[in-house]
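Biologist: Hi! Could you walk me through this model before I head back to the bench?
Modeller: Happy to, let's look at it together.

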Amino acid sequence: MNGKIGDRLHVHGNVVGQPDRTGEIVEVRGPDGGPPFLVRFDDGHEGLVYPGPDAVIEPRAKASR
C-alpha cells in the first residue's frame, strides 16, 4: 500500500457500531511511498499509521483547469 502527501486514508470500522476514520496523509516515512504514514485525522488528531487490511488510500483529487 503506497501513499503520497495529500492522499486520504480511510480506515473502515471493524467492530459493529465503530465509525470509519478518515484523514489526510501529511508525511510518508516508508521507502517508495510505503508505510508508516503520519496522518492528520478529521477530528484533528495526528498519528503514525501502519494501515491494515481495513484501510484504503484515496488519491488526492487533481485540480481541474
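Modeller: Let me start with one strand pair: β1 and strand β2 (residues 21–28) pair in the antiparallel sense over four bridges. Strands here are DSSP runs of E with at least two residues, numbered from the N terminus, and two strands pair if DSSP finds at least two bridges between them.

Biologist: Before we go on, what kind of model is this?
Modeller: This is a predicted model, where local features need pLDDT of at least 70, side-chain atom pairs count only at pLDDT 80 or more, and totals for chains, interfaces and linings use all residues. Residues are numbered from 1 along each chain as its sequence is written, and side-chain values use heavy atoms, with hydrogens and water left out.

Biologist: Thanks! Which residue stands opposite Arg-8 in β2?
Modeller: Glu-24 is the one facing Arg-8 there.

Biologist: And what is the bridge partner of Arg-8 in β5?
Modeller: In β5 that partner is Glu-58. β1 and β5 are antiparallel too, joined by four bridges.

Biologist: In what order do the strands of the sheet come?
Modeller: The open sheet has five strands, ordered β4-β3-β2-β1-β5, with antiparallel pairing. β4 (46–49) and β5 (55–58) are at the edges with a single partner strand each, so each has one side without a neighbour in the sheet. From one strand to the next, the twist averages 35°, taken between lines fitted to C-alpha atoms in their N-to-C directions, on a scale from 0 to 180 degrees.

Biologist: How many bridges join β3 to β4?
Modeller: Four bridges link strand β3 (residues 37–41) with β4, and the two run antiparallel. Phe-37, for instance, has Val-49 as its bridge partner in β4.

Biologist: Switching to charges: how many salt bridges are there?
Modeller: The count is three, taking a salt bridge as a side-chain nitrogen of Lys or Arg within 4 Å of a carboxyl oxygen of Asp or Glu. Asp-42 pairs with Arg-8, their closest N and O atoms being 2.9 Å apart. Asp-42 is in the loop between β3 and β4 while Arg-8 is in strand β1 (residues 8–11), so this pair ties together parts that are 34 residues apart in sequence.

Biologist: What about Arg-29 and Arg-40, which partners do they have?
Modeller: Arg-29 forms its salt bridge with Glu-27, with closest N and O atoms 3.0 Å apart. Arg-40 forms one with Glu-46, at 2.9 Å between the closest N and O atoms.

Biologist: Is Arg-8 buried, partly exposed or exposed?
Modeller: Arg-8 is partly exposed at 29% relative accessibility. Buried means under 20% relative accessible area, exposed over 50%, and partly exposed in between (1.4 Å probe, protein chains only). Arg-40 is also partly exposed, at 39%, and Glu-46 counts as partly exposed at 38%.

Biologist: Which residues make up the largest nonpolar core?
Modeller: Eight residues do: Leu-9, Ile-25, Phe-37, Val-39, Phe-41, Val-49, Ala-55 and Ile-57. A nonpolar core is a set of buried Ala, Val, Leu, Ile, Met, Phe, Trp, Tyr and Cys residues joined through side-chain atoms within 4.5 Å. The largest share of this core, three residues, comes from β3.

Biologist: What does Phe-41 touch?
Modeller: Leaving out residues up to four places away in sequence, Phe-41 touches Arg-21, Thr-22, Gly-23 and Val-49. Contact means heavy atoms within 4.5 Å.
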